[in-house]
Amino acid sequence: MDATDVPLQAEMVELVPNGKHAAALTASAVPSLAGDRFEENQSGAAEMEEFLPHGAEKKQTHFTDFEGKTSFGMSVFNLSNAIMGSGILGLAYAMANTGIILFLFLLTAVALLSSYSIHLLLKSSGIVGIRAYEQLGYRAFGTPGKLAAAIAITLQNIGAMSSYLYIVKSEVPLVIQTFLNLEEKTTDWYMNGNYLVILVSITIILPLALMKQLGYLGYASGFSLSCMGFFLISVIYKKFQVPCPLPEQEGNLTGSLNATLISTSDYQNGYTVLQAPDQGTCTPSFFTLNSQTAYTIPIMAFAFVCHPEVLPIYTELKDPSKKKMQCISNISITVMYLMYFLAALFGYLTFYGRVESELLHTYNKVDPFDVLILCVRVAVLTAVTLTVPIVLFPVRRAIQQMLFQGKDFSWIRHVTIAVVLLTFINLLVIFAPSILGIFGMIGATSAPCLIFIFPAIFYIRIMPKDKEPLRSTPKILAACFALLGVLFMIMSLSFIIIDWATGGGKSGGSH
Ligand SMILES: NC(=O)C[C@H](N)C(=O)O
């Protein structure tokens, strides 16, 4: 990291300090503190007194934006469910391209950074007094800040939801085929992924997405987590069942030969290959660097994204405090960290270098009609299906913030946005699955923004300078954090572009 960048960043902030950035932004876009009080928050005056400037010093934060009723445990379930999604399926592949030790190091780093980023979000929302990501953007940079946050949340979560529904589309027909003991796919409607995805959306996802509050989804989240627990146990069990090397067919051997040739040409292109994942051997590698290693960062970043959901969950928490919410986040991140590591480790130790970028597909090589694998499929399907409503909530909120700000709750609007969003995602998954690749690109942009860049720059701008000067340690740390996010973003984007240019198509964010 370049040390000279930090003062530069600080200087930029100094030019447009918190609440006084009229020179840098157009007058209409600038939220004046007095204006916000009425525009953003009906109970504003009391809240402002509470939070500015002495409110943050109080031990117990009292938010007046909403009085939550969700318990600590349910909030842990909801946040864990928000973290966990299709990201878990890509981690074994990530491990095959980093080796166990490097993977553990990177996973730990991403988990810690993710927790720090939540800390920044919580601290900023304590100052502002409103627990909405978009509102932090508004307080920091006016309307452009609000729009940037809302757009990043919308794109990231639509990408995540499409990836979940895509799993439904491709896996449910296989599950039904296996249940019915059919050798070949038939043309019946119940074998058609497109109909099935619509059916699942209408019967399971939509009713859950229509709940008025996220807190009501706690039980569904708990169930979703147990399904992933089952997935994990099965992955561990399978490691001791599946032989290595696998009994292969001719065609697969040719495939692996091609893959070896590709990694050799990558080496010639200038990548340092300390130990390329050997497609044929059955010994674990502890440290690997190859052309695919760079994808592990976007894969892991995607797997830990939950930041759009943190503040909505905080809003609904009973007796909220920053400490309590940080504790919920840390528990969720730790549990997911362990699940991610174990799933990746045992997935990798089952197939070693042959693990595919989507773990479930790899089990097809063994026996696509295996009963346990069938149950695992059903479990993963259930888990990702039940995650869709949680991930949909922040998008609806972002849309409301962008288009209907300040309006009272309306059931018609609540239902319409959910129906429109789900219809759009269904259409995307049914008619344009190839477009989903674009979400790899979007994921590479929006994930670093939501995890690193926005929490850091919003924090720098929102935290009053008299409390924390620009050169204070927390703000310098936050600036470094933003810079790290920019580096991640540039890195992920360049690798995806290189991937597209060379026709690879293994971009991490596409999970
Ligand atoms: N919530 C998200 O945006 C992605 C989620 N962390 C996943 O792994 O699928």
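## A tour from the ligand outwards

Select Ala303 together with the ligand, and you will find a backbone N or O atom of Ala303 lying 3.0 Å from a nitrogen atom of the ligand. This is a predicted model, in which local features need pLDDT of at least 70 and side-chain atom pairs count only at pLDDT 80 or more, while totals for chains, interfaces and linings use all residues. Residues are numbered from 1 along each chain as its sequence is written, and side-chain values use heavy atoms, with hydrogens and water left out.

Stay with the ligand and add Val305, where a polar backbone atom is 3.0 Å from a nitrogen atom of the ligand. Then add Gly85, which places a backbone N or O atom 3.5 Å from an oxygen atom of the ligand. The protein covers 100% of the 270 Å² of accessible area that the ligand has on its own (Shrake-Rupley method, 1.4 Å probe).

Now display the whole shell, meaning the residues with a heavy atom within 4 Å of the ligand: Ala82, Ile83, Gly85, Ser86, Gly87, Gln156, Ala160, Tyr164, Phe302, Ala303, Val305 and Tyr340. The space taken by the ligand is the largest cavity, a cavity being a set of points, on a 1 Å grid over the protein atoms alone, where a 1.4 Å probe fits but cannot get out; a molecule sits in one if more than half of its atoms lie within 2 Å of its grid points. Colour α4 (72–83), α8 (143–179) and α12 (296–304), the elements that give two or more residues to this shell; helices here are DSSP runs of H or I with at least four residues, numbered from the N terminus. Helix α8 gives the most, with 3 residues.

Next, move to the loop between α8 and α9 (193–209) and select Asn181, which has a positive phi of about 60° although it is not a glycine. Most residues other than glycine have a negative phi. Asn181 is exposed, with a relative accessible area of 69% (exposed means over 50%, buried under 20%, and partly exposed in between, with a 1.4 Å probe and protein chains only).

A second positive phi, near 50°, is found at Tyr352, in the loop between α14 (322–351) and α15; Tyr352 is buried, with a relative accessible area of 8%. From there step back into helix α14 and select Thr350, which counts as buried at 2% relative accessibility and whose side chain reaches the backbone oxygen of Phe346 at 2.5 Å.

Continue to Asp370, in the loop between α15 (359–364) and α16 (371–403). The side chain of Asp370 makes a polar contact with the side chain of Lys238 at 3.3 Å (a pair of N or O atoms within 3.5 Å; within protein, one must be able to donate a hydrogen and the other to accept it, and residues adjacent in sequence count only if both atoms are side-chain atoms). Asp370 counts as buried because its relative accessibility is 19%.

Finish with the cysteines: how many disulfides are there? With a disulfide taken as a pair of cysteine sulfur atoms within 2.5 Å, the count comes to 0. Cys306 is in no disulfide, and the nearest cysteine sulfur, that of Cys327, is 15 Å away. Cys306 counts as buried at 0% relative accessibility, whereas Cys327 is partly exposed, with a relative accessible area of 34%.

Methods: 1 Å grid on protein atoms, 1.4 Å probe; cavity = no way out; pocket = protein on both sides within 12 Å on 5 of 7 lines; lining within 4 Å.
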